[in-house]
Amino acid sequence: MLNKNEFALNLLEWYHNNKRDLPWRRTNDPYKIWLSEVMLQQTQVQTVIPYYNKFTTKYPTLDDLANAEEQDILKDWEGLGYYNRIRNLHLAVKEVQSSYDSIVPNEPEPFLALKGVGPYIGGAVQSIAFNHRIAAVDGNVLRVMARLNVDDRDISKQSTVRSVKLFVETIIPLESGDFNQALMELGATVCTPRIPKCVTCPVQSHCESFKSNSVLLYPKSTKSKKKTELYFNVFLILNNKDEIYMFKNDKNLLKGMYKFPKYDIDTSIDTIEEALNLKLSQLKEPIAEEKHVFTHQVWYMNVYLLYTNSESQHFVKISEVNEYPISVAMQKVFKHLH
DNA sequence: AATACGTGGAT
DNA sequence: TATCCAAGTAT
């Protein structure tokens with residue numbers, strides 16, 4: 001059974017002595033803490049840092065972000081992935097602006113009701129910014145707690161995450177924000193997935209899996225499923241005015257990001273001409289092939305270059321393409337025009 | 001409950 | 001190269 005008081009003391013002492021100087025640890029602004037937590041979802045610290053600095057410079061207050069155009073903030077988010085995160089945060093700060101006088105709610109219930117705020121963000125922001133004693137259970141915390149308690153439950157199940165959250169809330173001390181961050185920091189730097197540094201672990205004496213030499217057996221998790229492989233033709237369509245056909249994606253995947261016409265490989269050129277209302281040049285060999293891997297899909301793309309004399313509102317100056325938010329997959333395609 | 005949702009780092 | 005997985009949320 002975990003000695004809760006001693007565990008918390010050991011962990012917090014280690015955290016304070018080894019605290020990394022991360023940009024979002026220099027602020028008490030709930031908006032900036034919230035922004036950092038949204039960016040950090042499923043994203044490594046080193047990836048987030050430049051984006052966090054860009055956003056806090058360009059949108060230093062909640063109102064700045066709320067008043068921005070969605071396309072502009074998507075452009076600034078470009079390359080960070082999971083684009084619904086910033087679209088939801090935009091909706092959420094607009095809600096805070098209109099309903100809460102631009103003040104981030106300092107109570108869990110209204111905060112958790114905002115778009116994109118789930119159990120993790122709710123606990124992280126309410127504990128770090130407002131010192132509420134709510135757990136923030138991420139992948140790090142799940143791994144640390146599974147090893148501490150030789151917990152055989154599957155951490156990929158929501159029921160396990162809910163249960164771990166309740167458990168952490170039975171051991172969380174008054175310094176709840178620091179405690180939550182310390183638990184995550186321990187998982188990120190010491191209690192790592194493959195080669196945990198148990199020798200230097202500040203809570204080694206509390207760890208049941210260390211005692212039984214079974215650290216690497218935890219956490220238990222069902223293995224990821226196979227990705228769907230998809231084959232597309234993507235068309236770079238140029239007119240005689242140095243413009244290219246490009247439009248905003250309204251599907252769920254990469255919603256709001258701009259794309260070039262992309263069709264299953266068996267789609268006929270006639271169908272495409274009809275869909276785009278363009279008369280296209282003869283289809284030749286692809287100028288390139290690209291592969292792009294998502295969490296759940298792999299795209300194999302043939303890149304074609306086509307010309308047209310037709311008019312359309314979807315043409316954009318080639319020199320201005322980079323002003324639009326474009327996914328990495330489509331950037332891989334576009335680079336072959338140069 | 002199970003799956004969709006991006007991208008890049010590490011091994 | 002293949003695989004895991006990283007401060008998760010919405011549906």
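Modeller: Buried area is the accessible area (1.4 Å probe) that two parts lose on being put together, summed over both. We're looking at a predicted model, where local features need pLDDT of at least 70, side-chain atom pairs need 80 or more, and totals for chains, interfaces and linings use all residues. Residues are numbered from 1 along each chain as written, chains are lettered from A and ligands numbered from 1 in written order, and side-chain values use heavy atoms, leaving out hydrogens and water.

Colleague: Okay, how is chain A divided, and how many Å separate the centres of domain 1 and domain 2?

Modeller: Domain 1 of chain A covers 4–217 and domain 2 covers 228–337, with bounds from an automatic or database assignment. Taken over C-alpha atoms, the distance between the two centres is 37 Å.

Colleague: How much area is buried between domain 1 and domain 2?

Modeller: Start with who touches whom: eight residues of domain 1 are in contact (heavy atoms within 4.5 Å) with 15 residues of domain 2. Carbon and sulfur atoms give 53% of the area buried between these domains. The whole buried area comes to about 900 Å².

Colleague: And which residues of domain 1 lose the most area to domain 2?

Modeller: Three of them together make up 52% of what the domain 1 side buries. They are Gln-71, Lys-75 and Tyr-83.

Colleague: On to the DNA! Which residue has a side-chain N or O atom 2.8 Å from a phosphate oxygen of DNA strand B?

Modeller: There are 24 residues around strand B (a heavy atom within 4 Å), and Tyr-83, Gln-158, Leu-254, Thr-295 and His-296 come nearest. On the DNA side, sugar and phosphate account for 61% of the strand B atoms within 4 Å of the protein. A polar backbone atom of Val-328 sits 3.0 Å from a phosphate oxygen of strand B. The side chain you're asking about, at 2.8 Å, belongs to His-292.

Colleague: What about DNA strand C: which residue's side chain has an N or O atom 3.1 Å from a base nitrogen?

Modeller: Strand C has 26 residues around it, the nearest being Gln-42, Gly-116, Tyr-120, Asp-138 and Asn-140. Sugar or phosphate supplies 64% of the strand C atoms within 4 Å of the protein, and bases supply the rest. Gly-139 puts a backbone N or O atom 3.2 Å from a phosphate oxygen, while a polar side-chain atom of Arg-194 is 3.5 Å from a sugar or linking oxygen. The 3.1 Å pair with a base nitrogen involves Arg-25.

Note on methods. Polar contact = N/O pair within 3.5 Å; in protein donor to acceptor, adjacent residues only side chain to side chain.
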